[in-house]
Structures are given as structure tokens and as C-alpha cells.
Amino acid sequence: MHDDGEKSVFLVTGATGNVGRHVVEGLLAEGQAVRALTRDPAAARLPAGAEVAVGDLTRPETVEPALKDVSALFLFPSPGTAGPVVRAAKRQGVRRIVLLSSSAVAYETEGADNAIVAFHKEIEREVEASGLEWTFVRPGAFAVNTLQWAPQIRAGDVVRGPHAGAEMSMIHERDIADVAVRALLTDGHAGAKYVLTGPESLNQAEQARRIGQAIGRPVRYEELAPAAAREEMLRNGVPAAFADMLLAFQAGLVGVPAEVTTAVEEITGRPARTFDAWAAERAADFR
Ligand SMILES: NC(=O)c1ccc[n+]([C@@H]2O[C@H](COP(=O)([O-])OP(=O)(O)OC[C@H]3O[C@@H](n4cnc5c(N)ncnc54)[C@H](OP(=O)(O)O)[C@@H]3O)[C@@H](O)[C@H]2O)c1
């Protein structure tokens, strides 16, 4: 997005997150001016090339100054915040928004109609209503979700959890960011709703086995009955409503091959990274 004589700054929200960090790096690698939003600059560890801006999406008035001179915004979906932030973007002359959403907004499986889906749908509605140019990036399950198993894998060779057969096409977070960077930088993505996945459907037992391969020792998934898994989650401080939502959602994925899309390749020009590649990169976290 380069209009002659116009300043083109990219504002990345959620910039210290799993996806946002890669968006910042991807834009910098393309030689763009990047402003990275964080609530806590002291802890942010953002690349030196990025301009750091302090702001909290739940307090939109703190975000508006960071929107000055911005042409395109990468929007992290913070529940209940999109309306005022999008309006502030419009006031400041932002022309393009790329929203991190979720493939779950279009799921029709049982257990998929939950609070997480509802908040993503609401944010998509707000962005759509803005009248600005928008692109929805709708990823499925992130590969990084499996880091929740790291303490168990570091301590032994078994991952205990619910629904071993729940299938997901785990996506590498950098692929999500690579798509977002293309949509931020280039024309032709306005109004698109990109469902992004990894290249293959893997159930949770297989994900654990693949992590074992990456770290060079066997890891197996031991299925807990839903009630036992729920108890375990509550013991670990997971709110009951979230535990119930997750269990119901995963139950709907058992034995159902997850959708695999080609969107990453179509947009970035190279195939989606595999879960094996992700696990190899993150092996140290599991050792
Ligand atoms: N995990 C999945 O499988 C999955 C699947 C589909 C969609 N998603 C979507 O992706 C999101 C997670 O993305 P991610 O993993 O990149 O996020 P993340 O690693 O959890 O990081 C999000 C970043 O956003 C910033 N942030 C959070 N609340 C904020 C606020 N109120 N104001 C300003 N900044 C705020 C935080 O940065 P600071 O602390 O530096 O401010 C944080 O580092 C989910 O919430 C969901 O919407 C996830």
C-alpha cells in the first residue's frame, strides 16, 4: 500500500503474541515502517526496527494515538473491543484492516456454538460495518496450542488429556502471519475470508507422537475420560465454563478429519508448513 506522497505505517496489535510477532517481523523484512502495540513495553522484546507504541485494546482511547499515519492495521481480536477501535481507525484515516479471526466462526459441528465463536463473529461484524477495506484471516487450531503439553512431556513420556481422537489440521503461526502480511501489503484481498489450516489432519494422539519424533523419544497420548479431564483442568485453574466449552468442542472433532485448505499456498506462493516442522523448531521447549 503505497500512495505517492503518503506516509505508510503499519500498526500491528497483539504484536507480542504468537502470530503478531511474526507479522511484525514479516513487515520489517519487507522494508515497511511498523508500529507495534503492547500494553507492557518493558516486557515486549520487540525487534529494534519496530516503533513500539503503548496501548490497551480494552481502553480504545489509549490506542487512537498509535493509529496516526497508519495506512493498514493488523487487528488482534480482543473480546468486546473492536467497535471503538475500528471507529478510531476510521477517524485516523486507516484504509485497510486485516483481522485475526478464527475458522470456528463457520463450524457447524456440535459444541462449536460457544462464547469464543460468538466474540469472533461480533468482531467480524464490527470490522465489516466499518466500511473500510478488510480481510478476515480465519485460522484453525494453532500448532503452538500443543505447548500446553510441554510440562508433561518434559517430565515423562505420556500426555494425559481428553479426546485422543479429536482431529485438527494444526497450523504454524508463521503461516498465519505470512498470509496477514500479504493481505496488509498487497491489493486483491479486500472482502476475503481466508480459512487457514496446516497441510494435514492429525488427531491429538498423533500430534503427541509427532512431538516425540521431533525430540527423539516416544511420547504417547493417554486419553482421560471427559469428567477426569475436566477435573484436571479445574485443578489447573481453567474456569469451569471454558473447560466445558473446550471438552464439548473437542468431542465434536473426534474421528472427523479436519478441513485442510490450500489458502496458505495460494496466498503466499508456498505450501503450509507441517506440524513436524513446527515441532522440530520448538523441540527445545519439550525437552
Ligand atoms: N489458539 C488457537 O488455536 C486459535 C485458533 C483460531 C483463532 N485464534 C485466535 O488467535 C488468538 C490468539 O492469537 P495469538 O496466539 O497470537 O495471541 P497471544 O499469543 O495470546 O498474544 C496476544 C497478544 O495480544 C496482546 N493483547 C492481549 N490483550 C490485549 C489488549 N487488551 N490490548 C492490547 N493488546 C492485547 C498481548 O500483548 P501485550 O501483553 O504485549 O499487550 C499478547 O501478547 C485467539 O485469541 C483467537 O482469537 C486462536
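**Reading strand S5 and its neighbours**

Four bridges join strand S4 (residues 70–75) to S5, and these two strands run parallel.

Trainee: The model is predicted. How many residues of strand S5 are buried?

Mentor: One reads burial residue by residue along the element. Strand S5 covers residues 96–100, and five of its five residues are buried, which leaves the strand mostly covered.

Trainee: Which way do the residues of S5 point?

Mentor: One sorts the residues by the side of the strand they point to. Arg96, Val98 and Leu100 point one way from S5, while Ile97 and Leu99 point the other way; all of them are buried.

Trainee: Which residue of S5 is the bridge partner of Leu75?

Mentor: Strand pairing is read from bridges. Leu75 has Leu99 in S5 as its bridge partner. S5 is also joined to strand S6 (residues 133–139) by five bridges, again in a parallel arrangement. There, Leu100 stands opposite Val137 of S6.

Trainee: What unit do S4, helix H3 and S5 make?

Mentor: One follows the path from strand through helix to strand. S4, H3 (residues 82–91) and S5 form a β-α-β unit that is right-handed.

Trainee: At what angle do H3 and helix H4 pack?

Mentor: A helix pair is read from its axes. H3 and H4 (residues 115–129) pack at about 20 degrees, with their axes 9 Å apart. H3 is therefore roughly parallel to H4, since angles under 35 degrees count as such. The crossing of H3 past H4 is right-handed. On the H3 side the contact is made by Ala82, Gly83, Val86 and Arg87, and on the H4 side by Ile123, Glu126 and Val127.

Methods
Residues are numbered from 1 along each chain as its sequence is written. This is a predicted model: local features need pLDDT of at least 70, side-chain atom pairs count only at pLDDT 80 or more; totals for chains, interfaces and linings use all residues. Side-chain values use heavy atoms; hydrogens and water are left out. Buried means under 20% relative accessible area, exposed over 50%, partly exposed in between (1.4 Å probe, protein chains only). Two strands pair if DSSP finds at least two bridges between them. A crossover is right-handed if, with the strands pointing away from the viewer, the path from the first strand over the helix to the second runs clockwise. Axes are lines fitted to C-alpha atoms, for helices over the stretch in contact, and angles run from 0 to 180 degrees between N-to-C directions. Angles under 35 degrees count as roughly parallel, over 145 as roughly antiparallel, 65 to 115 as roughly perpendicular and the rest as oblique. A crossing is left-handed if the near helix is turned anticlockwise from the far one by less than a right angle, and right-handed if clockwise. Contact means heavy atoms within 4.5 Å.
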